[in-house]
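Here are some exercises to work through with the model open beside you. Try each task before you read the solution.

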Amino acid sequence: MGISDQWWRDAIIYGVDVGTFLDSNGDGSGDFAGLTSRLDYLQGLGVNCLWVLPFFPGPDRDNGYDVSDYYGVDRRFGDPGDFVEFLREAGSRGMRVMVDLVVEHTSDQHPWFQAARADPNSRYRDYYVWVDEPPENPDYQPIFPGVEESVWHWDQAAGQYYFHTFYHHQPSLNHANPRVREEVKRIMGFWLQLGVAAFRVDAASHMLEPKGSMDFPGDPHAVLREYRQFAAVREGRVAMMGESDVPPHQVADFFGDGDELNLLMNFLLNNYLFLALARESAEPLRHALQLVPPGSGKGQWANFLRNLDEVDLERLTGAEREEVYRRFAPREEMRVYGRGIRRRLAPMLGGDRKRMEQAFSLLFTLPGAPLLVYGDEIGMGEDLSRPERESVRTVMQWSDDRNAGFSTAEEGALVAPVVTRGQFGYRKVNVADQERNGDSFLRWMQNAIRTRRECPEFGWGTLTLLESTNPAVLAHRVDWNQNGIVVVHNLAAAPAEVSLELEGNGGEWLEDLLRRERLKIPRSGRLSLRMEGYGYRWLRLAGMRSRRANPSAGADRGASRSGSGSRGRSGGGGLSGSGGEAR
């Protein structure tokens, strides 16, 4: 399989909610026509894969993740013709489209569930999981404690309890039933035929969990292998990205032997990344990178700072979670479900431009495919007056015009509110202002993404952690096809001294990809850097094929992580970076 067939290894993924992105007809809801009209903006940003959150018909009690028709487009967002036009226009700009495959559950309004609850002899009864009495099983705990009291819900019409992993209005499907799997493959086939390039498999790990009387005939992972095989036969370059927030010893199972999910959302790294930012220490990130198994030839990690759910800190200890809370969610209203944070990244970091840049520098340089969500490229904030995870699902802030340029509708008709107050209100944070300002965060993001796309090593290469005597400094290297890049981050507010010993003679150099300058390697082979507080450097090893970068002071080399690939290229960058001086 060639590089173009594995495009997902090095994709820049942008998550977009159609309903909150841009309203084209003034009804208060974003739509596909509005999204299509902003594809030039997204192309200019540099993203090349659009993850479109659920847009299917349904009651919309969970931001679209309660589907009642898998083959349609909710009329708020347009019609199927609008979706196909969006696909065509995105493809013409070199952007692939990923859609959510929400099949762990359906809406309780789905015709399957309505038929199942009405007749115990219906073929649809076994599409779901039913019991006469809920079993006492400590593993069956609500995902949303404080919102749902149990994973079993009594249905009066059916005269039984049904299982739901999430909300009670989202009954879980029984994937042990071959008829359910055939339905899922029909759904996949429909969207692949229209031209979709990838699926985000919602709640992939929960799909495989046994529930009540549900009984998988053998390995539950055979379900994912079946779906992956079907997709690959229909479209060889299709990608499947999974949401699998499971313990470290289980997570690699979802890659299988390269025959399950292509991409896994890297929840474990996300947990420790926020702990590292809270502590201003590199140790949590080093720990995570050693703990998370490499994707290697089997798959790839999708790294993210935020998605449009909560920041889920479930993999941290209680004490570690409290550390992150104290730094980024000091008030109870900022927290949710006893394990997460319901805030956007920019306000979590206090709007500190240096910290925001550094966070995204980490995202773009840690091995994997970076994933960002709409609005983070301009530093949008949240609305904590909204319930649960809705706080981060406010409308896109396009300008300082009425309704942030999102819609011409009356304020009360908007699908979601506009952030109006404080330093993240739309009059202070919007696309139009930042496009006019060459030093804006949006301009920084455009250049950072452009530079990242010129560095395939981050998507294909082998990771080596480099030891540092300064606990605030994370130094790592990625190598691919005889090209190497050394990346250094100072996670602390205080400046830091870093020394890297590089083999080679004085005629070799480093290309600073962020500053468009070359750093001469001293005759001693030791490069000293003075890093600014929250500074970062991306340094390509030019003319140093197959050589290694070693830590100073004779420290041991860090753990390695492997990737795969067959060809590379050098790249520069137009990013005016933050970091320090070389001596």
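A residue counts as buried when its relative accessible area is under 20%, as exposed when that area is over 50%, and as partly exposed in between. Keep in mind that this is a predicted model.

**Exercise 1. A salt bridge between two helices**

Task: Classify K185 and E226 by their accessibility, and work out which parts of the chain their contact ties together.

Solution.

Step 1. K185 has a relative accessible area of 12%, so K185 is buried.

Step 2. For E226 the relative accessible area is 22%, so E226 is partly exposed.

Step 3. Now look at the contact: the side chains of K185 and E226 form a salt bridge, with 2.8 Å from N to O. Because K185 belongs to helix 5 and E226 to helix 7, the pair ties together parts that lie 41 residues apart in sequence.

**Exercise 2. The two helices themselves**

Task: Compare the span of helix 5 with its expected value, do likewise for helix 7, and find what covers the buried residues of each.

Solution.

Step 1. Helix 5 covers residues 178-194 and has 17 residues. From its first C-alpha to its last it reaches 25 Å, close to the expected 24 Å.

Step 2. Helix 7 has 14 residues; its reach is 20 Å, close to the 20 Å expected.

Step 3. Check the ends of helix 5. N177 caps the N-terminal end, with a side-chain oxygen 2.9 Å from the backbone nitrogen of R179. After the helix comes G195, whose phi is positive, near 120°.

Step 4. List the buried residues. Those of helix 5 include V180, V184, K185, I187 and W191; those of helix 7 include L224, Y227 and F230. An α-helix has 3.6 residues a turn, so residues three or four places apart point the same way.

Step 5. Find the cover. Helix 7 is among the elements that cover the buried residues of helix 5, together with helix 3, helix 4 and strands 3, 7 and 8. In turn, the cover of helix 7 includes helix 5, helix 6 and strand 8.

**Exercise 3. The barrel and its helices**

Task: Trace the order of the strands in the barrel, then place two helices against its strands.

Solution.

Step 1. Eight strands close into the barrel in the order 1-2-3-7-8-9-10-14, with parallel pairing. Neighbouring strands of this sheet are turned by 25° against each other on average, direction ignored.

Step 2. Helix 3 packs on the sheet and touches strand 2 and strand 3; its direction makes about 140° with that of strand 3.

Step 3. Take one pairing from the barrel: strand 9 and strand 10 run parallel and are joined by three bridges. In that pairing, L263 has Q300 as its partner in strand 10.

Step 4. Helix 13 lies across strand 10 and strand 14, and runs at about 140° to strand 14.

**Exercise 4. A strand with two covered faces**

Task: Decide which residues sit on each face of strand 16, and follow its pairing with strand 15 and strand 17.

Solution.

Step 1. In a regular strand the side chains alternate between the two faces of the sheet. In strand 16, V473, A475, R477 and D479 are on one side, while L474, H476, V478 and W480 are on the other.

Step 2. Both faces are covered, and eight of the eight residues of strand 16 are buried.

Step 3. Strand 15 runs antiparallel to strand 16 and is joined to it by five bridges. The two form a hairpin with six residues between them.

Step 4. Strand 16 also pairs with strand 17 in the antiparallel sense, over eight bridges. This hairpin has two residues between the strands, and N481 takes a positive phi near 50°.

Step 5. Use V478 as a marker: its bridge partner is L463 on the side of strand 15 and I485 in strand 17.

**Exercise 5. A link across the sequence**

Task: Locate the partners of the salt bridge between R452 and D10, and state whether they are buried or exposed.

Solution.

Step 1. The closest N and O atoms of R452 and D10 are 2.8 Å apart.

Step 2. R452 is in helix 15 and D10 in the segment before strand 1, a separation of 442 residues.

Step 3. Both R452 and D10 are buried.

Conventions: Residues numbered from 1 in each chain as written. Predicted model: local features only at pLDDT ≥ 70, side-chain atom pairs only at ≥ 80, totals over all residues. Heavy atoms only, no water. Buried < 20%, exposed > 50% of the residue type's maximum accessible area, 1.4 Å probe, protein only. Helix = DSSP H or I, 4+ residues; strand = E, 2+ residues; numbered from the N terminus. Pairing = 2+ DSSP bridges. Expected span 1.5 Å × (residues − 1). Contact = heavy atoms within 4.5 Å. Polar contact = N/O pair within 3.5 Å; in protein donor to acceptor, adjacent residues only side chain to side chain. Axes fitted to C-alpha atoms, helices over the stretch in contact; angles between N-to-C directions. Salt bridge = Lys/Arg side-chain N within 4 Å of Asp/Glu carboxyl O.
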